[in-house]
Amino acid sequence: MKFWQLLDIFRDEKLLLVEVFSQKKWRSYLPIFYNIENVVKSQDRTILDGEIDDELLKEMCSKTSKSIYFSSRKNVIYSYKSEYADTEIQLLDAITKFSHDAIEEVFEKSEADVGGESK
């Protein structure tokens with residue numbers, strides 16, 4: 001997952017981002033996070049498009065209560081409990097089942113088509 005995608009998914013959980021980025025092993029992300037406005041303004045793609053460590057992603061997902069909802073009939077994931085959704089998936093499990101692009105999109109646009117893309 002790219003750094004900007006992580007920030008987008010957890011944009012409403014800034015305290016969680018600070019908590020995880022404050023840990024010794026992830027502390028290098030903290031100054032970037034605090035300076036993110038300038039990073040975005042300058043479009044520093046090295047930082048924004050940088051791949052984050054899977055362990056960091058798993059840690060963030062294990063600490064959130066976020067879920068996604070999957071419709072097996074429509075092959076769509078939702079960020080809310082849709083009438084079409086038949087399965088609730090914790091975010092920690094979702095990151096192994098669906099592409100990271102689709103997971104970011106679901107939190108950006110409320111839903112994402114996953115077709116047959118399960119990992």
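How many salt bridges does a search of the whole structure find? In this predicted model, the search returns seven salt bridges. Three individual pairs, one network and a patch of negative charge are described below.

One salt bridge joins Lys66 to Asp12, with the closest N and O atoms 2.8 Å apart. This pair links distant parts of the chain, the two residues being 54 residues apart. Lys66 is located in the loop between helix H6 (54–63) and strand E1 (67–71), whereas Asp12 belongs to the loop between helix H1 (3–9) and helix H2 (14–21). The two partners fall into opposite accessibility classes: Lys66 has a relative accessibility of 13% and therefore counts as buried, while Asp12, at 57%, counts as exposed. The cut-offs behind this assignment are under 20% relative accessible area for buried residues and over 50% for exposed residues.

A second pair is contained within a single helix. The side chains of Glu37 and Lys41 form a salt bridge with an N to O separation of 3.4 Å. Both residues lie in helix H4, which covers residues 36–41, and they are four residues apart, or about one turn of the helix. Glu37 is classed as exposed because its relative accessibility is 54%. Lys41 is likewise exposed, with a relative accessible area of 61%.

A third salt bridge connects Asp49 with Arg45, and here the closest N and O atoms are 2.9 Å apart. Relative accessibility is 28% for Asp49, which therefore counts as partly exposed. Arg45 is also assigned to the partly exposed class, at 36%. Elsewhere, salt bridges with shared partners join Asp8, Arg11 and Glu108 into one network. In general, side chains of opposite charge can pair when their charged atoms come close.

Acidic residues also form a surface feature of their own. Asp101, Glu105, Glu111 and Asp113 make up a negative surface patch. Two elements of secondary structure, helix H8 (100–109) and strand E4 (111–113), each contribute at least two residues to this negative patch. Asp101 is placed in helix H8. With a relative accessible area of 52%, Asp101 is exposed. Membership of a patch requires over 30% relative accessible area and no salt bridge, and the value of 52% for Asp101 therefore satisfies the area criterion.

Methods: Residues numbered from 1 in each chain as written. Predicted model: local features only at pLDDT ≥ 70, side-chain atom pairs only at ≥ 80, totals over all residues. Heavy atoms only, no water. Patch = residues over 30% accessible without salt bridge, like charges linked within 9 Å, V, L, I, M, F, W, Y side chains within 5 Å. Areas by Shrake-Rupley, 256 points an atom, 1.4 Å probe, with all protein chains shown as cover. Salt bridge = Lys/Arg side-chain N within 4 Å of Asp/Glu carboxyl O. Lys, Arg positive; Asp, Glu negative; His and termini not counted. Charge placed at Lys NZ, Arg CZ, Asp CG, Glu CD. Buried < 20%, exposed > 50% of the residue type's maximum accessible area, 1.4 Å probe, protein only.
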